[in-house]
Amino acid sequence: VISFHLQGNGIWGGLGLGTQMAGADMMLASGQGTAGSVSDRQGVGEVTPVLDTSNGGQDNLFFLNATLSNGEQVITFARAASTGDPMDVVLQNSSQSFVWAHGPGSAADPQQHASSDIGVGTVNFFAVNSTSSVVKLSTTPTYLYWIVVVVVISALAV
C-alpha cells in the first residue's frame with residue numbers, strides 16, 4: 001500500500017519508478033476530502049505522462065481511501081509488486097530508483113509542477129525496519145511524502 005500525504009487541496013502527487021521522467025512507471029494521486037483518485041501512467045518525456053491504458057497497458061492502481069485532517073490530504077492506494085502489465089515496473093527486493101513531483105490539479109488532470117517540486121531518489125520497497133517507511137520528498141510549504149506499507153505490497157505480489 002502506498003499513501004501520499006499532500007499539504008492542501010487541489011493538488012496531485014506523483015511517484016515514478018525509474019531514473020528520469022521519460023520511461024518511468026508513474027503513479028499519480030489526488031484528493032478532495034474523502035474523495036480521491038489515482039492514475040496509472042507512463043512518462044514520455046517532460047510532458048504530462050500518458051495513461052497506461054492509452055498505450056495498451058492496464059490500470060493497475062487501486063484507490064483505497066482519502067482523508068483530510070488539519071489541512072493534510074492523505075490518499076491511500078495499492079498496486080501489486082508484479083502486475084503482469086508490460087507498462088509497469090516490477091517492485092524488487094533491492095534498491096530502486098524513483099522520480100517524484102507534485103503540482104496543481106488532480107490525478108486525472110495534472111497541471112505543470114514547479115521546477116522546485118520535483119526530485120529523484122532510491123528506495124527498497126521491501127527493506128524497512130517496521131511495517132511502514134516514510135519518505136519525505138519535499139520540504140516546501142506544499143509538500144509531499146509517501147508511506148509504503150511493505151506487508152501489503154508483499155501480499156499483493158503476483
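Strand β2, which spans residues 11-17, is mostly covered, since seven of its seven residues are buried. This is a statement about a predicted model, and the same holds for everything that follows. The cover extends to both faces of β2, with Ile11, Gly13, Leu15 and Leu17 buried on one side and Trp12, Gly14 and Gly16 buried on the other. Behind this division into two sets lies a simple rule: in a regular strand the side chains alternate between the two faces of the sheet.

What lies beside β2 within its sheet can be read from its pairing. Strands of a sheet pair through backbone hydrogen bonds, either parallel or antiparallel. On one hand, β2 pairs with strand β8, residues 96-104, in the antiparallel sense over seven bridges, and within that pairing Leu15 of β2 has Trp100 of β8 as its bridge partner. On the other hand, six bridges join β2 to strand β3, residues 25-32, and these two strands also run antiparallel; here the bridge partner of Leu17 is Asp25. Strand β3 in turn pairs with strand β4, residues 35-42, through eight bridges in the antiparallel sense, and Ala29 of β3 is matched in β4 by Val38.

These pairings belong to an open sheet of six strands, whose order is β5-β4-β3-β2-β8-β9 and whose pairing is antiparallel. At its edges stand β5 (50-51) and β9 (118-123), each of which has a single partner strand, so one side of each is left without a neighbour in the sheet.

The loop between β2 and β3 contains Ala24, and this residue counts as buried because its relative accessibility is 0%, where the cut-off for buried is under 20%. Which residues surround Ala24, once its neighbours within four places in sequence are left aside? Its contacts are then Gly16, Leu17, Gly18, Arg41, Gln42, Gly43 and Val99. Gly45 can serve as a further point of reference, as its C-alpha lies 9.1 Å from that of Ala24 although the two residues are 21 residues apart in sequence.

Asp25, already met as the bridge partner of Leu17, also takes part in an interaction through its side chain. Side chains of opposite charge can pair when their charged atoms come close. A search of the whole structure finds one salt bridge, and Asp25 forms a salt bridge with Arg79, with the closest N and O atoms 3.0 Å apart. Because Asp25 lies in strand β3 and Arg79 in the loop between β7 (72-78) and β8, the pair ties together parts that are 54 residues apart in sequence. Are the two partners buried or exposed? Asp25 is buried, with a relative accessible area of 1%, and Arg79 likewise counts as buried, at 4% relative accessibility.

The chain as a whole provides the setting for these details. It has one helix and 11 strands, and from the N terminus on, its elements run β-β-β-β-β-β-β-β-β-β-β-α. Of the 158 residues in the chain, 48% are buried, while the chain exposes about 7200 Å², of which carbon and sulfur atoms supply 54%. Among the contacts in the chain with a separation of 6 or more, 56% are accounted for by residues 24 or more positions apart.

Technical notes:
Residues are numbered from 1 along each chain as its sequence is written. This is a predicted model: local features need pLDDT of at least 70, side-chain atom pairs count only at pLDDT 80 or more; totals for chains, interfaces and linings use all residues. Side-chain values use heavy atoms; hydrogens and water are left out. Buried means under 20% relative accessible area, exposed over 50%, partly exposed in between (1.4 Å probe, protein chains only). Helices (H or I, at least four residues) and strands (E, at least two) are DSSP runs, numbered from the N terminus. Two strands pair if DSSP finds at least two bridges between them. Contact means heavy atoms within 4.5 Å. A salt bridge is a side-chain nitrogen of Lys or Arg within 4 Å of a carboxyl oxygen of Asp or Glu. Accessible areas come from the Shrake-Rupley method with a 1.4 Å probe; for residues, only the protein chains shown count as cover.
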